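Notebook open, viewer running. I want to go through this model and jot down what turns up.

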Amino acid sequence: MQEPRTLRRWQLFSFGREHLEQVEQPLPAPGPGQILVRVGAVSLNYRDLLMVRDGMGMAFDLPFTPGSDMAGTVAAVGPGVQRFATGDRVVNTFWGGWIDGQWPTGAVLAGGPGPGMLASHVLLDAAWAVAAPATLDFAEASTLPCAGLTAWFALAETGALRPGQTVLIHGTGGVALFGLQLARLHGARAIVISGSEDKRAQTLALGASHVLMRNGDWPAEVRRLTGGRGADHVLELASGPNLDRSLQATAQGGRVSIIGMLGGETLSASFYAMVLGRVTVQGIGVGHRRALEDLVRAIDANALKPVIAARYAFEALPEALDHLARGAFGKIVVTL
């Protein structure tokens, strides 16, 4: 396929949705160790709304291109690149430079302050990409770098999830539904807390054993459903004061993964629930490249299909962001 001489990208020249603009720029050539990727799809995260709004307090130069999660095709490779060849299907890593082990100083966040993915072509360090799953299309594969890997890192990589355990999941967004699917994949039971009665049937159809309403006494109900034991793992996507209730529903020696902050940036929890329950509370900042490669293999081996709520054209990014802000059952994806 002959590449055009220019690329298209969304840029933010000043913070605020009203300042998003489409621009056309010369198509760059990959330098040593780089790959040029023709983007097929970009999945959106709640973080993208925050980055567009105010940059989440980070210092970086404007204009910048938002969007952290992409799947596409390698259009060209620079000198010295051996990981990929032209025509390979790839997804990017959310953290550029975090390959394995402990998070390294200097790792770069995609979608600000690092390179953004909402473009027709993206120039990446070849080490910042992995082979895309053979069983997924671009839209499905684009959901893995942040949402998919976050759930995998919490449950499989750091949580050592085992068959027969119980996973408590808050919400029905991208990370939550990946958590549900991965729990079932590992032979675990998933209990979902939702604020929407309308999503109950969809959540049960995806494999949840129970869907509990957020406005009820769900900690007590989780205890009842587990014979008094509580949940072995909790994906805490609300945080704020919700953490205290999650601890009430966690088993002795269980694990709570702090992922989202829809309930606020300040956590509130009972000292006794945490200490007497011997609960491990861990923060999950997505994950490294090796874990993403593990997730890709698991998806291909088990034919797991990410849940996509809607697909929008590249030109319809404002409408896609509106949908994301309203909330969705699964992921919102922009396709090219």
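Before I sort any lining by class, a note to self: Ala, Val, Leu, Ile, Met, Phe, Trp, Tyr, Cys and Pro count as nonpolar, Asp, Glu, Lys and Arg as charged, and the others, Gly among them, as polar. Also worth keeping in mind is that this is a predicted model.

**Cavity**

I searched the whole structure and got one cavity of 30 Å³ or more. Its volume comes out at about 40 Å³. Which residues line the largest cavity? I wrote down Asn92, Thr93, Phe94, Trp95, Gly96, Val108, Leu109, Ala110, Pro115, Met117, Leu124 and Trp128. Sorted by class, that lining has nine nonpolar and three polar residues, with no charged ones. I also checked which strands contribute: β6 (95-96) and β7 (108-109) each give at least two residues to the lining.

**Sheet**

Next I traced an open sheet of six strands, in the order β12-β11-β10-β13-β14-β15, and the pairing is parallel. At the edges I find β12 (210-213) and β15 (280-283), each paired on one side only. Neighbouring strands are turned by 20° against each other on average, direction ignored.

I zoomed in on one pair. Strand β10 (residues 166-170) and strand β11 (residues 189-194) run parallel and are joined by five bridges. Within that pair, I see Leu168 opposite Ile191 of β11.

What packs on this sheet? Helix α3 (residues 144-157) does, touching β10, β13 (231-236), β14 (250-258) and β15. I noted that the direction of α3 makes about 160° with that of β13. Helix α4 (residues 174-185) lies across β10, β11 and β13, and runs at about 170° to β10.

**Cis peptides**

I went looking for cis bonds in the loops. Leu62 and Pro63 are joined by one, with omega about 0°. Pro63 sits in the loop between α1 (46-54) and β4 (69-77). Gly112 and Pro113 are joined by a cis peptide bond too, again with omega about 0°. For Pro113, the loop is the one between β7 and β8 (121-125).

**Positive phi**

Met56 caught my eye: its phi is positive, about 55°, although it is not a glycine. I place Met56 in the loop between α1 and β4. Buried or exposed? Partly exposed, because its relative accessible area is 36%, and that class lies between 20% and 50%.

Ala160 is not a glycine either, yet has a positive phi of about 50°. I find Ala160 in the loop between α3 and β10. With 45% relative accessibility, Ala160 also goes down as partly exposed.

Note on methods: Residues are numbered from 1 along each chain as its sequence is written. This is a predicted model: local features need pLDDT of at least 70, side-chain atom pairs count only at pLDDT 80 or more; totals for chains, interfaces and linings use all residues. Side-chain values use heavy atoms; hydrogens and water are left out. Two strands pair if DSSP finds at least two bridges between them. Helices (H or I, at least four residues) and strands (E, at least two) are DSSP runs, numbered from the N terminus. Axes are lines fitted to C-alpha atoms, for helices over the stretch in contact, and angles run from 0 to 180 degrees between N-to-C directions. Contact means heavy atoms within 4.5 Å. On a 1 Å grid over the protein atoms alone, a cavity is a set of points where a 1.4 Å probe fits but cannot get out, and a pocket is an open set with protein on both sides within 12 Å along at least five of seven lines; lining residues have an atom within 4 Å of a point. Grid points are joined across faces, edges and corners, and a volume is the space filled by probe spheres set on the points. Buried means under 20% relative accessible area, exposed over 50%, partly exposed in between (1.4 Å probe, protein chains only).
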